[in-house]
Amino acid sequence: MSFWNDPLKVAADWLMGILTGWGMPEIAAQILIGFLGILLLISVLMVLDIFLVWVERKVVARFQDRIGPNRLGPFGLIQPFADIIKLMIKEDTTPGGADKVVYNLAPMLSMMSVLILWAVVPLAPTMLGVDLNIGVLYIIAAGAIGTLSIIMAGWASNNKFALIGAFRQVAVMVSFEVPMLATLLIPTILTGSMGTGAIIEKQDIWFFWLAPLGAVIFLIAAIAELGRAPFDMAEGESELVSGYNIEYSGMKFGMFYAGELLHAFTFGGFLAIMFFGGYRFFGLELVSPFLAIAVLLFKAFIGYWLIMWVKYTLLRIRIDHMLAFNWKFLTPLAFVLLMVVALMNALLAGTPTWLYIVGMFLSNVLVAWGALEVARSYSRREREKVEGPKPVVETAQH
Amino acid sequence: MTGEQITFLIVALVTLGSGLMVVTTRNLVHAALWLVATLFGVAVTYALLHASFLAVVQVVVYIGAIAILFIFAVMLTRKDMRDQGPQMNRNWWFGALLAVLTFGGLYFLLQGWTGLSKTAAALPSGFDAVGELGNALVSPDAYVLPFEVASVLLVAALVGAVYVAFNPHSGNSGK
């Protein structure tokens, strides 16, 4: 077992040898090494987070036909560090009448709800924080803590704008949790396990080919869960200024902002894990765990880029439309798809692989087509209610 | 004392302490947040018992849905979050009596139970708790009937909620 095949285990064994050599009891050494592992993962994530600020700003600049940060360092790479210094030396304000403990707890919880997600992210075949057999549910539970942090921030700020922003954001997050959970059950059914590690191991064929509609619904629900455009109800600039985080300054605001960026990147990673094979890429993951991590990061960045693409292209949707879209369209669709996938998976169990893939793919396409037809006829009826029936032949108007 | 016992004692103390804060704090939103802490403590207790599924479901259902609903209800129904009225109403002695009776009954029942002093048998390696639970919920000789009855109850509650919210005079578009 060399360092290049299983670096974490080798490092842990080496540390264990040193610590027990110093006379530390084995159980204490184990706990210490566990904490060091967590510290390492979180440090890497936070450093990555700093660069995500730069990535986000560069990408949005491209979408808007600008250059983006370009003054500090090559390609503006030092810009995020300048941002951080600015945030740190800014005055740390607390609004009058704020609920101090809750106010200060909220940004921490917000960041924490993102960081704990990485406990179940399999970075490589041998690198997985905890192989929870309920990994999929764990993702939803972490989201629940994020929801709580937003309502805490909105309420403790003692500001009407913040409270209304928090209400809106929480309404969206609680609603879109439902289709997200339903689509997360699709990889669970295809795998027969809720563990993220097992889900990746099972993906000899990407689950995207077996449930493309599931991947699309997951992406939509994830964007809503992140509170990014077109679902960024919390920060309607013209009406709410900045939503739940309006009263936060300095690094406390930075925690919300960095948490949001890392959250988006993390959901890009979950899209890759659930539907695009995670760290697997034509056997590359077996060569070295470092390659596996690189593959996962690459796929996560593609997912992140997709989320940014949507954010910087689409306009904000009105909140009643958004909730109607979720409860009347996305949620029923997700549940129908879940049933169809479970049924087809059972029916096609003994058939050759090509038939299995084609059958699953076509059933997904069929469900998507049916859903779009229903939506179209509904919107036609709604339009007719407002505008009156359309003439069969357009008469030329002079 | 083993590490597990120490962890359990700390978790139990935090859970009970925050449970006490729920009923003694004067700020209703703080009470709801302390309730979240209590429910989280219960989830940690489940996790200590190796019931990971129950622990996560506890967080998803109670913190993610019910506690958020509580907070919403408090914020939307109270004009002032800092209630100055009395914390007790006239039935406080009845509540206290019920609590004492429940505690006494549980104490009496657990007196004769030998399980308290035993250590739990170690789970066999590769024991699939989630799979076992899933099978038990849908197998006819286990819990399929309670499971289905609970589902029917929830559907009835859903239909009832829609009926209550539905206003036949304004059409069905909710305008």
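**Exercise 1. Find how far apart the C-alpha centres of domain 1 and domain 2 of chain A lie, and describe the side of domain 1 that touches domain 2.**

Solution.
- Step 1: In this predicted model, the C-alpha centres of domain 1 and domain 2 of chain A are 23 Å apart.
- Step 2: Look up the bounds. Domain 1 of chain A covers residues 1-89 and domain 2 of chain A covers 94-380.
- Step 3: Turn to the contact between them. Domain 1 of chain A brings 18 residues into contact with 17 residues of domain 2 of chain A.
- Step 4: Ask which elements take part. On the domain 1 side, H1, H2 and H3 of chain A each give at least two residues. H2(A) has the largest share of that side, with 10 residues.
- Step 5: Sort the residues by type. This side of domain 1 of chain A holds 13 nonpolar residues, one polar and four charged.

**Exercise 2. Take helix H1 of chain A and compare its reach with the expected value.**

Solution.
- Step 1: Helix H1 of chain A spans residues 7-21, which makes 15 residues.
- Step 2: From first C-alpha to last, H1 of chain A reaches 21 Å, and this is close to the 21 Å expected at 1.5 Å a residue.
- Step 3: Look at what follows. After H1(A) comes A:Gly23, with a positive phi near 95°.

**Exercise 3. Examine A:Asp65 and A:Phe75: where do they sit, and is each one exposed or buried?**

Solution.
- Step 1: Start with the background. Most residues other than glycine have a negative phi.
- Step 2: A:Asp65 is not a glycine, yet its phi is positive, about 60°. A:Phe75 is not a glycine either, and its phi is positive at about 55°.
- Step 3: Place them. A:Asp65 lies in the loop between helix H2 (26-63) and helix H3 (79-89) of chain A. A:Phe75 also belongs to the loop between H2 and H3 of chain A.
- Step 4: Count neighbours. A residue is exposed with 12 or fewer other C-beta atoms within 10 Å. A:Asp65 has 6 such neighbours, so A:Asp65 counts as exposed.
- Step 5: A:Phe75 has 13 other C-beta atoms within 10 Å and is therefore partly exposed.

**Exercise 4. Judge whether chain A is as compact as a globular protein of its length, and look into its largest nonpolar core.**

Solution.
- Step 1: Chain A has 15 helices and two strands.
- Step 2: The radius of gyration of chain A is 24 Å, close to the 21 Å that the globule rule gives for 398 residues, so chain A is as compact as a globular protein of that length.
- Step 3: Check the box. Along the principal axes, the C-alpha atoms of chain A fill roughly 90 × 65 × 40 Å.
- Step 4: Check burial and contacts. In chain A, 39% of the 398 residues count as buried. Of its contacts with a separation of 6 or more, 76% join residues 24 or more positions apart.
- Step 5: Go into the core. The largest nonpolar core has 112 residues, and A:Ala166 and A:Leu271 touch the most other members.
- Step 6: Follow A:Leu271. Beyond its neighbours within four places in sequence, A:Leu271 has contacts that include A:Ala215, A:Phe218 and A:Gly303.

**Exercise 5. Now do the same for chain B: what are its elements, and what is its radius of gyration?**

Solution.
- Step 1: Chain B contains six helices and zero strands. Read from the N terminus, its elements run α-α-α-α-α-α.
- Step 2: The radius of gyration of chain B is 21 Å, whereas a compact globule of 175 residues would have one near 16 Å.
- Step 3: The C-alpha atoms of chain B fill a box of roughly 60 × 45 × 30 Å along the principal axes.
- Step 4: Of the 175 residues of chain B, 13% count as buried. Residues 24 or more positions apart make up 56% of the chain B contacts with a separation of 6 or more.
- Step 5: Look at the domains. Chain B is assigned domain 1 (1-82) and domain 2 (129-175), with C-alpha centres 25 Å apart.

**Exercise 6. Describe the side of chain B that touches chain A.**

Solution.
- Step 1: The contact takes 16 residues from chain B and 16 residues from chain A.
- Step 2: On the chain B side, helix H2 (28-48) and helix H3 (52-77) of chain B are the elements that give two or more residues. The largest share, 11 residues, comes from H3(B).
- Step 3: By type, this side of chain B has 13 nonpolar residues, two polar and one charged.

Note on methods: Residues numbered from 1 in each chain as written. Chains lettered and ligands numbered in written order. Predicted model: local features only at pLDDT ≥ 70, side-chain atom pairs only at ≥ 80, totals over all residues. Helix = DSSP H or I, 4+ residues; strand = E, 2+ residues; numbered from the N terminus. Rg over C-alpha atoms; globule rule 2.2 N^0.38 Å. Buried ≥ 20, exposed ≤ 12 C-beta atoms within 10 Å, placed from the backbone. Contact = placed C-beta atoms within 7 Å. Expected span 1.5 Å × (residues − 1). Nonpolar A, V, L, I, M, F, W, Y, C, P; charged D, E, K, R; others polar. Domains from an automatic or database assignment. Core = buried A, V, L, I, M, F, W, Y, C linked by C-beta atoms within 7 Å.
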